[in-house]
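Biologist: I am new to this model and would like to understand one part of it properly before I look at the rest. Please choose a single stretch outside the regular elements, look at it closely, and then follow its connections into the surrounding fold.

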Amino acid sequence: MRESVMKLQRTSNFAYPLLPRLIAGGILTVFSIMHFMNPGHFRDILTAAGFPMVDANVYAATAVEFIAGVLLLSGLLTRVGGLLGVATMLLAIYATIQIAGLTTETLPGGLTAIPFVPPVPLPIMVTLLSIATIVLGGGRFSLDHRMTAACNQRDGQTKAAVALS
């Protein structure tokens with residue numbers, strides 16, 4: 001189990017993964033907070049897009065979006081955060097496209113107005129940035145880097161102690 005987590009957290013010593021991680025994580029966190037604070041608007045978006053189990057998905061999708069943002073911002077389990085970010089943003093792209101094709105006459109579920117959604121380039125950008133974090137990892141300024149460096153140092157000390165004895 002420990003080896004699996006270590007492989008998942010392995011990252012480079014480069015600083016540049018910080019930028020996509022912070023941008024994607026920041027956007028995901030901000031939007032999830034907005035969805036938590038105004039679940040009625042998010043419910044309208046999910047209803048208009050035709051998603052099933054809207055009442056459950058309002059909170060489940062928002063929680064996953066928040067977890068993805070926090071993981072990306074902290075750099076802890078960065079690849080997992082990136083994967084969650086990709087999943088939520090693919091659904092956001094689908095919802096945005098579905099809502100763009102609606103008119104006031106074709107609104108589902110008793111909605112009276114088309115809910116506002118950000119333009120489709122925003123979720124596409126966050127998806128691409130999340131994919132970059134999956135590929136690159138957290139980079140030098142992440143908790144993943146600190147944790148793997150500490151484990152490697154501890155393992156090195158253990159191997160040295162075994163070699164000396």
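Modeller: In this predicted model, a good place to begin is methionine 53, which counts as exposed because its relative accessibility of 63% is over the 50% cut-off. Methionine 53 sits in the loop between H3 and H4, and its backbone has a positive phi of about 45° although the residue is not a glycine. Leucine 77 also has a positive phi without being a glycine, with a value near 50°. Leucine 77 belongs to the loop between H4 and H5, and at 26% relative accessibility it counts as partly exposed.

The loop that holds methionine 53 can be followed inwards through one of the aromatic pairs, of which a search of the whole structure finds two. One of them joins phenylalanine 36 and phenylalanine 66, whose ring centres are 6.4 Å apart and whose planes stand at 75°, so the pair is edge-to-face. Since phenylalanine 36 lies in helix H2 and phenylalanine 66 in helix H4, this pair ties together parts that are 30 residues apart in sequence. Phenylalanine 36 is partly exposed at 39% relative accessible area, and phenylalanine 66 is likewise partly exposed, at 33%.

The other pair leads back to your chosen stretch: the rings of phenylalanine 51 and tyrosine 94 have centres 5.6 Å apart and planes at 70°, so this pair is edge-to-face too. Phenylalanine 51 is in the loop between H3 and H4 while tyrosine 94 is in helix H5, and with 43 residues separating them the pair links distant parts of the chain. Phenylalanine 51 is buried, because its relative accessible area of 17% is under the 20% cut-off, whereas tyrosine 94 is partly exposed at 41%. The loop between H3 and H4 therefore holds both an exposed residue, methionine 53, and a buried one, phenylalanine 51.

Phenylalanine 51 also brings us to the nonpolar interior. In soluble globular proteins, nonpolar side chains tend to be buried together. Here the largest nonpolar core has 14 residues, and those with the most contacts inside it are Ile45, Leu46 and Ile99. H3, H4 and H5 are the elements that each give two or more residues to this core, with H3 supplying the largest share, five residues. Leucine 46, once residues up to four places away in sequence are set aside, touches Phe51, Val54, Asn57 and Val58. A second core, separate from this one, has eight residues, including Ile27, Ala68, Leu72 and Met89.

Helix H4, where the chain continues after the loop, also contains threonine 62. Threonine 62 is buried, with a relative accessible area of 0%. Apart from its neighbours within four places in sequence, threonine 62 is in contact with Ser32, His35, Phe36, Phe42 and Asn57; among these, Phe36 is one member of the first aromatic pair described above.

His35 and Phe42 appear again at the largest pocket, which has a volume of about 590 Å³. The pocket is lined by 28 residues, and the closest to its centre are His35, Phe42, Ile45, Glu65 and Ala92. Helix H2 (18-37), helix H3 (39-49), helix H4 (54-74), helix H5 (78-100) and H6 each give two or more residues to this lining, and H5 gives the largest share, seven residues. By character, the lining residues divide into 21 nonpolar, six polar and one charged. Ile45 belongs to both descriptions, as one of the residues with the most contacts inside the largest core and one of those closest to the centre of the pocket.

For comparison, there is a loop further along the chain, between helix H6 (121-136) and helix H7 (143-164), which holds phenylalanine 141. Phenylalanine 141 is partly exposed at 48% relative accessibility, and, not counting residues up to four places away in sequence, it touches Ala15, Leu18 and Arg21. Its C-alpha is 7.5 Å from that of glycine 75, although 66 residues separate the two in sequence.

Stepping back to the whole, the protein chain has seven helices and zero strands. Of its 165 residues, 36% are buried. Among contacts with a separation of 6 or more, 79% join residues 24 or more positions apart, and the pair of phenylalanine 51 and tyrosine 94, 43 residues apart, is one example of a link between distant parts of the chain.

Technical notes:
Residues are numbered from 1 along each chain as its sequence is written. This is a predicted model: local features need pLDDT of at least 70, side-chain atom pairs count only at pLDDT 80 or more; totals for chains, interfaces and linings use all residues. Side-chain values use heavy atoms; hydrogens and water are left out. Helices (H or I, at least four residues) and strands (E, at least two) are DSSP runs, numbered from the N terminus. Buried means under 20% relative accessible area, exposed over 50%, partly exposed in between (1.4 Å probe, protein chains only). Contact means heavy atoms within 4.5 Å. On a 1 Å grid over the protein atoms alone, a cavity is a set of points where a 1.4 Å probe fits but cannot get out, and a pocket is an open set with protein on both sides within 12 Å along at least five of seven lines; lining residues have an atom within 4 Å of a point. Grid points are joined across faces, edges and corners, and a volume is the space filled by probe spheres set on the points. Ala, Val, Leu, Ile, Met, Phe, Trp, Tyr, Cys and Pro count as nonpolar, Asp, Glu, Lys and Arg as charged, and the others, Gly among them, as polar. Rings of Phe, Tyr and Trp (its six-membered ring) pair if their centres lie within 6.5 Å; planes under 30 degrees apart count as stacked, over 60 as edge-to-face and the rest as tilted. A nonpolar core is a set of buried Ala, Val, Leu, Ile, Met, Phe, Trp, Tyr and Cys residues joined through side-chain atoms within 4.5 Å.
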